[in-house]
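Trainee: Please give me a close look at one part of this model. Then set that part in its wider context.

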Amino acid sequence: MLKVLIKTTLLIAIVSCAVVASAGTPEWLREASRQTVKTYADDVNAVVLLQEDETAVSDKGEIIERGKRAYRILRPEGRDYGTLALSFSNETKVNSLHGWSITAKGQEYEAKDKDGIERSLSTFEVYSDAKEKILSVPGADVGSVVGFEFERKHRPYVFEDEWDFQSSIPVERSRYTLRLPAGWEMNAHWLNYPERQPAIEGGAYVWELTSIPRIEREYSRPSYRAIAGHMIVSFISEKFKAQTYKNWSELAAWHAQIQSGAFDTSSAMQQKVQELAPAGLPLFERIRRLARFVQKDIRYAAIEIGIGGLKPHPASEVFAHLYGDCKDKAALLKVMLAQIGVKSYLMPIQTERGVFTDKSPANLEFNHVILAIQLPDAAYKKDLPALYEHPKLGHLLIFDPTHEFVPLGQLPYQEQDNYGLLVAENGGELIHLPLSPPELNRITRRATLKLLPDGTLQGEVEEDRSGYFASEARDLKDVSLQDRKKLIEHFLGHNLSSFQVDGFDLENAADIEKDLVLRYRFTASHYAKNAGSLLLVRPRVIGEMAGAFDATKPRHYAYEFDAPFLRSDSVEIALPDGYKVDELPDPAHAVYPFGQYTSKAESSGNVLKYTREYKMATTQVPLEKIDQLRKIFSQINLDEKNMAVLKKAN
Amino acid sequence: MQSARFVLVILCLATSSLAFGQKEDWLPLTDQDFQMKEIPGNSGAPAVQLYYANYIDDSNGNEFEYHRIKILNESGKKYADVEIIGGFDTQVGSLKARTIHPDRTIVEFKGKPFEKTLFKGHGIKLYAKTFTLPEVTVGSIIEYKFKLNNYSSDTWVMQHDLYTLREDFSFHPRQWGERLSWVGRNITGPSPAKKDDGWQMEWQDVPAFEAESNMPPERNYKPTIHFYYVRDDINNADKFWQEIGKFVNEYFERAIGNRKEIREAALQAIGNETDPEKKLRKLYDRAQQIRNLSYERELSAQERKKEKIKGNENLGDVLKRGYGDSEDITSFFVGMARAAGFDASMLLVSNRREEFFSNKLLSLNNLTGRIALVKLNGKDLYLQPGVRFCPFGLLRWANTSTEALKFDKKGGTFITIPALTNDRSVTRRLAKMELSDDGSLRGQLTVEFRGEEALVHRLDAIDSDEAGRKKDLEEEVQGWLPNGAVVKLSSAEGWDAPYEPLSVRFSVDIPAYATSAGKRLLIPSLLFQPQQKDAFKHAERKYPVYFAYAFSELDRVEIKLPAGYTPESIPPKQDVSLDYAHYQSVSSCDGKYLVSERGLGFNAIYVQLPKYAELKEFMARIQASDEQQAVMKMGTKINAQGSN
């Protein structure tokens, strides 16, 4: 089978260049190629000379999208812009796709429809009907200008379009034209960019921008979609009321309508609910057991055809097969909860935090579905981190049945401080999901170690993980013992030069309601360094906490953390007989409102003690506070290198 | 002069078999299948393959596969998602699948598999049949079987990503008159047994394959049986290579020829030079002046046509057109050397980057490199003018310590290309730094890459622009330095000068390099972090330790100290040796400067498992030495010298 794949790879390489030599290069591309070459940063791979999109909506509700692209390739890494991929599906057809290039030497090449190839866009899905058509143009080399023209026909489920004018490379000119039939209206919303009003040209709305800077690559930057400028436009027609929306409530109603056929049940399912959640149990426990069943025993498998990307499969089928995707799991849990009298609502969400904000216009940019469970008073627990108090619906406990390791009552980190669309029967709203406090996401590490006279360090470390840190590490339970040991060795290898793992164990890995406890024992030779009569010991021993940061360039964006957290280390090193602490490193102290790092090394009898705490109270440090964050990272880096000096007692 | 032309010739000698199979019913389910809870010796593994079958029926052109897998934990459920790749002329047929619950009830897969397009265009379609098995829980047994019709396969693969309890193989040959033979690699179980006119084999308890860092090429450790058809008179590998050698020789002799224009070119290149080695060097330089297309972006057929680039038929074409691929350029050099009176020939050399060569595998697939062999003053000289930037006398590492086919009109034999010794691959680092009162370290770092190190860097950068080279080098150096180091390249010289070192200068800024403890300042004396430690994190290994090539690191670090500190303790001299490796470090301090020198010479590429412990200890001692710190104290001035 491997051979078939290898053949395919070669084939793609060969056929992608099998194109006609005589080039009917269009004038718009020639004109673009004559543009004066500007000076860009030396890591700009290519520049968009022209991005032109036209969306024409017909009175029948079909959309014709026409596009032109012109790129100038500036670096070898920019050659990829000589290939254009257009997505299509059962509802979207690529009518035409052409490409051309004008090389630095002035040679011209053309690639036509027939030169393109198709392939599936399925990745994590078992199956999806989403595909892409790919066209590569010969001559795409440094100095070349490449261009494409295409046309796609859409039969949309909802009348919505996007103009993505900002990119990872600079855009010199971007133009978007919208043609609507008489009687249609549109709503345009600008995100992450100053709003512009359209011109009216020949009855069409036209927006145009020039000299749009690129989105920079930076460590721990917010999600690309959360910072890239784009415009979302919705079209409204009385004739297609079922496919148009004016606000979140109408979009939620549309979701409710397509979900409506999924909430069936079966006698087997009803029996399972009784078996899992008998009436005698407290209500919260009944909810928890059903949630755990869907979370754990329904295997994630996505099959998405047509509207199947948005519409759940019937709950009875999902229950019978024991597999489904996120919306299938949410729908099944909704049906099972309904049987015990608990109401719930599906909630589409975007897993990249920041894409939706309280200012976001209604749109379909969701990629995941979770569930809002309306907790009756009998099941209410006030301290649950995932609780949302709704003015009308009361206590909504937000739960993700797809994430196997986040218990009922908590939310996966990427869904916290995020926005989800509450889909009620007759509408809904976008709601802001709660953020956990740092104390919920803890790693508490306790090391009890002994230093031998030859510099060898040995002992045990216990790590207690909760919240985010626990859920991210619980998959260790499904890792073989051999691989678990390798992971521990890999971790220790960052900080110890020569060591062996003497033992390890994992507690509560499968019990997601409890903290995860990891213990490992090790012996590290050459740990303490001899320096004449002195012995130098790094009291921190293990763990690196500072975030990645490029200090060579100015920062453009906020710094993003997965979740608020609290990490604390406590290390006790029993010293070898005859040695005492001669000098200790200074304590670390970097404290700001959003986060802090403190540490202290001290000597107590024959024991060297070291404690530190790193707390982050937010998920995002804004640009104006980046210098403070850098100071925290610098303090951590320094503290992690610090050594204590031991001296042999006379 | 692409050696693809060999293919037809070789096919006459040995042809890989075309595939296919035999029918098989569901195997009976055994108590052992249901009782199995974990893999002995690998507790916690996600799943186990209870049974695997692969029946290749080359006479009917089809192949049968059978998988029975038991899910042992939650993450093993992923094996219930199945993807079978078909396409070209291959059809996936006779697909059956089912889930067997721990209580032995059986749920048949009744759905229709989805067809996922992997590639469609130009009249070709490649697809995957995908499906997911129903009602899978921990403890379930899932099994599926299918037939690939019109599928060509010639290899049994015995090791999978799951531990496999039992596996059956058969190969039924076509009836075209050739003799079917096989060659095995890493055979740790029974060998194929003859049955009727084909072969069959059964293996048991085959562990999952797990790669390790710094292991030799993985392919050399995965057991496989490769089938091929061979002419009746080719009764052993030596005979095969002898015959191949004759064909290859004929091909190259025809291509190199004895042309007047090549003789003239050789004379012109040599000029008045009389010393044999200098003459040869001039010919080598002349050959490397030919535009080497093997190191340029691959052009489409239309681009080649527009740029009037054609395939060279002989050395006359190479000379006239002024371009060629690596093989053309090596041939051009051999042709000129012969014209100048040298005994010169071509070698087909294997490449050990992806796989170690075995001449038992009767295939030219891994003999992709070209080396010129020249007798100079009675000694064999191996040269690679076809490798861009490769200086006279150096070879590309992947073509050293490996076998090459030497051929003449009598046939082919194998010789071993000599190893690249560590003195041919040197990284020299000189850091002139100044330590501030706040512990930060700033200064200049000069790095010289010599020999193979320079060649590797030059070839890696061949398709990069200046910004790309800068970024790559800065990232490489950053990897040598402590966390938080800021590295800026200030100049790089020698990219296009194969006989000069590649010399790169950086400015370096390392915050918090030295740390304080009371009145003491602790300064790491050697700036650079050890580079090879990843290979030695794990207590045990399954496979030998492998480095691409032998190497040397020579470092000198000069640190100007802040005023007011005097040395209290300087790291003592370290000297560690193995048969094939040597390390030394020495530090001194005069109160103003802390100066440290370090040398590591590693003269091996392959260290067998029994020597892993000694090598691990060697590396641990190096790392401990590299992490030593000088202790400075406010106080009386003392001159200190590192000592044992």
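Mentor: Helices and strands here are DSSP runs (helices H or I, at least four residues; strands E, at least two), numbered from the N terminus. The model is predicted, so to speak of local features takes pLDDT of at least 70 and side-chain atom pairs need 80 or more, while totals for chains, interfaces and linings use all residues. Residues count from 1 along each chain as written, chains are lettered from A and ligands numbered from 1 in written order, and side-chain values use heavy atoms, without hydrogens or water.

Take helix H8 of chain B, residues 326–339. Its 14 residues reach 20 Å from the first C-alpha to the last. That is close to the expected 20 Å, at 1.5 Å a residue (1.5 Å times one less than the number of residues).

Now the start of H8(B). A side-chain oxygen of B:Asp325 comes to within 3.2 Å of the backbone nitrogen of B:Glu327. Next, the end. Just after H8(B), B:Gly341 has a positive phi of about 95 degrees.

How well covered is H8(B)? Twelve of its 14 residues are buried, so the rest of the structure largely encloses the helix (buried is under 20% relative accessible area, exposed over 50%, partly exposed in between; 1.4 Å probe, protein chains only). Charged residues are on the buried list: B:Glu327 and B:Asp328. Aromatic ones are too, B:Phe332 and B:Phe333 among them. The buried residues also include B:Ile329, B:Val334, B:Gly335, B:Met336 and B:Ala337.

Compare that with helix H11 of chain B, residues 612–626. H11(B) has 15 residues and reaches 21 Å, close to the 21 Å expected. Eleven of the 15 are buried, so H11(B) is also largely enclosed by the rest of the structure. B:Tyr612, B:Phe618, B:Met619 and B:Ile622 are among the buried residues of H11(B). So are B:Lys616 and B:Asp626.

Step back to the whole chain. Chain B has eleven helices and 37 strands. It has 644 residues, and 57% of them count as buried. Its C-alpha atoms fill a box of roughly 90 × 75 × 45 Å along the principal axes.

Further along chain B comes a sheet. Five strands make an open sheet in the order S20-S19-S18-S21-S22, with antiparallel pairing (two strands pair if DSSP finds at least two bridges between them). S20 (379–383) and S22 (411–416) of chain B stand at the edges with a single partner strand each, so one side of each has no neighbour in the sheet. The twist averages 35 degrees from one strand to the next (axes are lines fitted to C-alpha atoms, for helices over the stretch in contact; angles run from 0 to 180 degrees between N-to-C directions). Inside that sheet, S18 (344–349) and S19 (369–376) of chain B run antiparallel, joined by six bridges. B:Leu347 has B:Ile371 in S19(B) as its bridge partner.

Another strand of chain B is worth a look: S9, residues 141–149. Eight of its nine residues are buried, so to call it mostly covered is fair. S9(B) is joined to S3(B) (62–71) by nine bridges, antiparallel. There, B:Lys70 is partnered with B:Ile141. S9(B) also pairs with S5(B) (91–100), antiparallel, over eight bridges. In that pairing, B:Thr99 faces B:Ile142 as its bridge partner.

Chain A has an open sheet of its own. Four strands pair antiparallel in the order S29-S30-S38-S33. S29 (529–531) and S33 (579–583) of chain A are the edge strands with a single partner each, so one side of each lacks a neighbour in the sheet. Here the twist averages 35 degrees from strand to strand. S33(A) and S38(A) (644–648) pair antiparallel over four bridges. A:Lys580 has A:Lys647 in S38(A) as its bridge partner.

Last, the rings. The structure holds 60 aromatic pairs over all chains (rings of Phe, Tyr and Trp, its six-membered ring, with centres within 6.5 Å; planes under 30 degrees apart are stacked, over 60 edge-to-face, the rest tilted). A:Trp248 and A:Phe356 have ring centres 5.7 Å apart and planes at 65 degrees, so this pair is edge-to-face. The two are 108 residues apart: A:Trp248 is in helix H4(A) (248–259), and A:Phe356 in the loop between strands S19(A) (344–349) and S20(A) (368–374). Both A:Trp248 and A:Phe356 are buried. A:Tyr468 and A:Phe469 form a tilted pair, 5.0 Å centre to centre with 55 degrees between planes. Both A:Tyr468 and A:Phe469 are buried. They belong to one aromatic cluster that also includes A:Tyr413, A:Phe549 and A:Phe633.

Definitions and conventions:
A polar contact is a pair of N or O atoms within 3.5 Å; within protein, one must be able to donate a hydrogen and the other to accept it, and residues adjacent in sequence count only if both atoms are side-chain atoms.
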